[in-house]
Amino acid sequence: MTNSCLTDAPPEETEPVLDPMAFYNALWHDPTYGIYVVEVLEDGADFRFLAFNAATVAASPVPVEQIRGKRLSEAFPPEVAEVYQRYYACCVQAGQRMAFEEKLPAETGDTWWNLSIHPIKNSVGEIYQLLILSTDITAKKQAEVASEESRQLLQQVIDTMPSAIFWKDRKSHYLGCNRAFAGFAGLEAVADIIGKSDRELVWKQHADWFHDWDQKVMVDDRSELDIVEPMLQFGGRQAWLKTSKIPLHNNDGQVIGILGVIEDITEQKELEDKQSRLLAILEATPDIVGMADTTGYGHYLNRAGQLIFNIPADQVSQAHISDITPPETTDIMLNEAFPIAAKRGSWRGETFIRDRYGREIPVSQAIICHKAADGTVEYYSSIMRDISDRKAAEAIFQETAERQAVLNQVTTKIRNSLDLDTVISTTLTAVHQCLKLHYCGFAWLDTTTAVPSWRMVQAVDDMGRDGMGNHPDDYLGIDTNQLVNQVISRTDDAHICENADYKATLHRLGIRSEILVPIRTDTDETGVIICHYVDRPHVWSAGEVELLQAVGDQLAIAINQATLYTQSCKQAQALSAALAQLQQSQAQIIQAEKMSSLGQMVAGVAHEINNPVGFIHGNLQPAQDYTQDLLGLIELYRQAYPMPTKDIAARLKAIDLDFVREDLPKLLNSMTIGTERIREIVLSLRNFSRLDESAVKTVDLHDGINSTLVILSHRLRANDRDESIAVVKQYGLLPQIDCYPGQLNQVLMNILVNAIDALAEAEQPQITIATKLKKDRAIICIADNGPGIPIEIQPRILDPFFTTKSVGKGTGMGMSISYQIITEKHRGELKFISKVGQGTAFFISIPIWQREAT
């Protein structure tokens with residue numbers, strides 16, 4: 001439908017050659033053209049349908065009888081009448097022919113009509129009628145719609161294709177393209193390409209070449225496919241394109257243009273370039289790079305691998321990993337490396353390969369698993385590097401490290417021990433293990449006698465032979481003067497020994513290779529380190545000789561130190577014995593005096609307290625009985641004389657008789673408990689002093705512990721500290737034990753007092769006392785949660801006169817005396833463990849049965 005009036009220029013005035021009326025009648029009755037006439041009403045404001053020719057009657061979608069004689073506004077609905085009204089009125093106003101196309105609804109569907117309106121004038125020149133010629137163009141319109149839909153569908157199809165598509169005419173002007181090509185050209189819409197040439201696009205510098213190529217394809221009428229070319233795209237991006245150009249033909253087979261298909265292969269090209277560079281690197285690298293399938297057959301092997309394994313490139317696929325690796329390595333590859341790589345992506349390790357000469361080469365190997373998109377393993381790639389030099393260096397380093405470790409071990413042992421036997425044993429064992437010897441021994445060479453001899457001291461012998469003791473100088477078959485002069489004797493292979501006597505001696509002793517390293521001490525003694533192999537020759541390297549010499553030097557130092565130590569020990573023993581005797585005498589004097597004074601004082605105080613307390617405690621029970629009798633008598637009086645006199649009533653009220661009757665028994669009971677507590681304390685003092693028990697007695701160990709705690713109860717309470725000390729008793733089942741009770745109580749007193757002093761500033765102070773029976777010994781553990789004993793003074797805790805307390809608060813004899821009481825008197829043990837910040841625990845272990853000391 002056209003939205004504006006279309007006018008035709010007035011026809012030129014010519015002389016008619018035919019009768020107009022005859023021409024009109026012929027046209028009116030022609031069945032090809034539909035003609036109808038409308039009357040102009042009200043100067044074109046409305047129109048009336050007057051006549052329809054037969055063609056119109058036959059083709060009209062609306063029955064003409066329904067509209068003949070009716071106004072336009074009456075014949076059609078307003079929306080239809082308005083359209084025709086506009087065109088009819090436009091023709092009347094212009095006074096010229098008008099033409100338009102319009103769609104009319106019909107029962108069978110919409111129809112399209114081409115309408116031509118001709119004004120008819122009367123004698124005064126007024127337009128009073130309109131002659132309309134109508135042609136049914138529905139089929140044409142439907143064909144155009146179908147063609148447009150087909151064109152749009154084709155455009156959608158080519159727009160969705162990943163390749164860029166274009167088509168040109170014979171002059172290489174673009175007729176169309178898809179969206180991908182429009183993107184290449186930097187165009188917003190595909191329609192923007194129409195009519196343009198390559199000179200108007202971003203690749204204009206290549207326009208002439210493209211034009212010549214287009215013309216060649218069209219002139220030769222032959223397609224050119226998969227031409228790879230670089231092209232500058234919109235935005236300055238350099239891309240690689242694969243282009244195919246195909247000539248287009250019309251129905252007559254003539255070339256009318258070309259069709260081009262472009263594929264962006266930039267990523268593929270870059271990947272190919274990278275692969276090419278990578279392949280060049282792989283071929284140039286000295287490392288072995290290969291690929292194999294899951295069964296171990298090769299896919300690729302670089303130049304280095306081909307040369308090492310002597311496998312030509314065309315035979316790689318026929319080679320299996322078992323052809324280039326030892327059996328144990330093949331087993332590792334198939335059963336360990338491949339499965340781990342398939343699971344984790346890669347595997348790394350050290351293996352061996354076998355070159356074309358059959359030699360095994362150690363390699364550092366990495367295996368990478370390559371999988372398909374569905375997760376299945378496609379192949380494995382491997383990189384192998386020859387690490388022979390590194391392994392050799394590691395072996396040398398390891399050998400050097402082992403030798404240095406042996407030397408360090410010997411040196412450390414010498415520094416930590418002055419026992420010569422221990423040093424020699426450690427030295428021989430270390431050398432034997434380091435050099436993997438069959439035999440390693442040490443002997444003294446005695447040249448002071450008329451006949452020199454060997455004295456074998458120690459040996460490490462894998463063959464189990466017993467060669468200890470003294471032997472004649474031919475025992476080892478070597479000239480002793482050579483060793484005395486500090487000359488090393490060595491034989492790499494006894495079978496080729498030049499000295500026949502020495503060779504025979506080695507054969508007799510079953511020695512194949514031997515080295516003798518002499519050492520000289522400060523006392524001019526000569527010792528010899530003896531090393532040999534039994535079943536094989538051995539070339540003694542410079543490093544091994546250097547090690548043995550260094551070991552010999554250290555061993556000489558150890559011997560000299562041991563000699564000096566022995567001399568100093570003899571002198572120290574005399575001083576130590578005198579000092580120990582003096583300290584023991586002093587400790588015994590102080591202990592005897594202290595225990596005597598303390599025992600007498602405690603016994604006297606206990607006796608003096610016990611007499612009055614016994615008197616009071618003995619009279620409390622009669623007092624209770626008398627009180628009950630009097631209270632019973634008063635109750636009888638109350639029953640017999642329920643109405644007391646005023647004076648008695650006042651007195652009863654004043655003394656509150658009911659309260660007295662209730663409270664008096666309680667008062668007497670509390671007095672009884674108090675006297676019993678005093679008697680327990682007195683008993684504890686007597687048990688603690690034990691003046692009457694200087695000999696071995698059989699006692700309950702727990703009674704002694706409890707008595708000591710009673711005496712120290714005032715120090716356990718929170719008097720001069722923030723909180724009381726909690727005492728946790730964990731007593732086990734102990735029988736009656738033999739001991740010196742008074743002295744054992746003194747030990748408990750000393751340890752507990754020290755524990756209480758240590759808890760002076762502790763938070764939540766606690767002392768734990770535990771006992772148990774272990775075989776035939778009673779064990780007592782007294783532990784505190786105090787600050788612990790500093791590590792540097794722990795070795796001196798049991799020394800006489802050593803104390804950590806301030807002057808006047810400690811003599812330093814308490815723990816020393818306790819140690820003597822336990823170890824000497826009771827044949828037991830006194831030990832302790834202490835951790836700084838965690839506390840200290842003392843352990844007393846004494847036999848259950850004692851024998852009298854003599």
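What is the accessible surface of the protein chain, and what percentage of it belongs to carbon and sulfur atoms? The accessible surface comes to about 49,800 Å², and carbon and sulfur atoms hold 54% of it.

**Figure 1. Overall view of the predicted model of the protein chain.** The secondary structure amounts to 21 helices and 28 strands. The protein chain has 854 residues, of which 38% count as buried. Among contacts with a separation of 6 or more, 54% join residues that are 24 or more positions apart.

**Figure 2. The salt bridge between glutamate 39 and arginine 48.** The side chains of these two residues meet with an N to O distance of 2.8 Å. Glutamate 39 is partly exposed, at a relative accessible area of 26%. Arginine 48 is likewise partly exposed, with a value of 23%. A search of the whole structure gives 19 salt bridges. In general, side chains of opposite charge can pair when their charged atoms come close.

**Figure 3. The salt bridge between glutamate 350 and arginine 390.** The closest N and O atoms of this pair are 2.2 Å apart. Glutamate 350 belongs to strand E13 (residues 346-354) and arginine 390 to helix H11 (residues 388-416), so the salt bridge ties together parts that are 40 residues apart in sequence. Glutamate 350 has a relative accessible area of 42% and is partly exposed. Arginine 390 is also partly exposed, at 34%.

**Figure 4. The salt bridge between glutamate 829 and lysine 831, and a network elsewhere in the chain.** The side chains of glutamate 829 and lysine 831 meet at 3.8 Å, N to O. Glutamate 829 counts as partly exposed, with 40% relative accessibility. In a separate panel, Lys168, Asp198, Asp214 and Lys245 are joined into one network by salt bridges that share partners.

**Figure 5. The crossing of helix H20 and helix H21.** The axes of H20 (residues 741-758) and H21 (residues 814-825) come within 9 Å and cross at roughly 140°. The crossing of H20 past H21 is left-handed. On the H20 side, the contact is made by Gln743, Leu744, Val747, Asn750, Ile751 and Asn754. On the H21 side, Gly814, Met815, Ser818, Ile821, Ile822 and Lys825 take part. The residues of this contact divide into 6 nonpolar, 5 polar and 1 charged.

**Figure 6. Surroundings of serine 724.** Serine 724 is located in the loop between helix H19 (713-716) and strand E23 (726-730). With 40% relative accessibility, serine 724 counts as partly exposed. Leaving aside residues up to four places away in sequence, serine 724 touches Leu716, Arg717, Ala718 and Pro765. Proline 765 is 41 residues from serine 724 along the chain, and the C-alpha atoms of the two are separated by 7.3 Å.

**Figure 7. Serine 172 and aspartate 221, two residues with a positive phi.** Most residues other than glycine have a negative phi. Serine 172, although not a glycine, has a positive phi of about 65°. Serine 172 sits in the loop between strand E6 (164-169) and strand E7 (174-177). Because its relative accessibility is 3%, serine 172 counts as buried. Aspartate 221, also not a glycine, has a positive phi of about 50°. The loop between helix H7 (207-220) and strand E8 (224-232) holds aspartate 221. Aspartate 221 is partly exposed, with a relative accessible area of 37%.

How values were computed:
Residues are numbered from 1 along each chain as its sequence is written. This is a predicted model: local features need pLDDT of at least 70, side-chain atom pairs count only at pLDDT 80 or more; totals for chains, interfaces and linings use all residues. Side-chain values use heavy atoms; hydrogens and water are left out. A salt bridge is a side-chain nitrogen of Lys or Arg within 4 Å of a carboxyl oxygen of Asp or Glu. Buried means under 20% relative accessible area, exposed over 50%, partly exposed in between (1.4 Å probe, protein chains only). Helices (H or I, at least four residues) and strands (E, at least two) are DSSP runs, numbered from the N terminus. Contact means heavy atoms within 4.5 Å. Accessible areas come from the Shrake-Rupley method with a 1.4 Å probe; for residues, only the protein chains shown count as cover. Axes are lines fitted to C-alpha atoms, for helices over the stretch in contact, and angles run from 0 to 180 degrees between N-to-C directions. A crossing is left-handed if the near helix is turned anticlockwise from the far one by less than a right angle, and right-handed if clockwise. Ala, Val, Leu, Ile, Met, Phe, Trp, Tyr, Cys and Pro count as nonpolar, Asp, Glu, Lys and Arg as charged, and the others, Gly among them, as polar.
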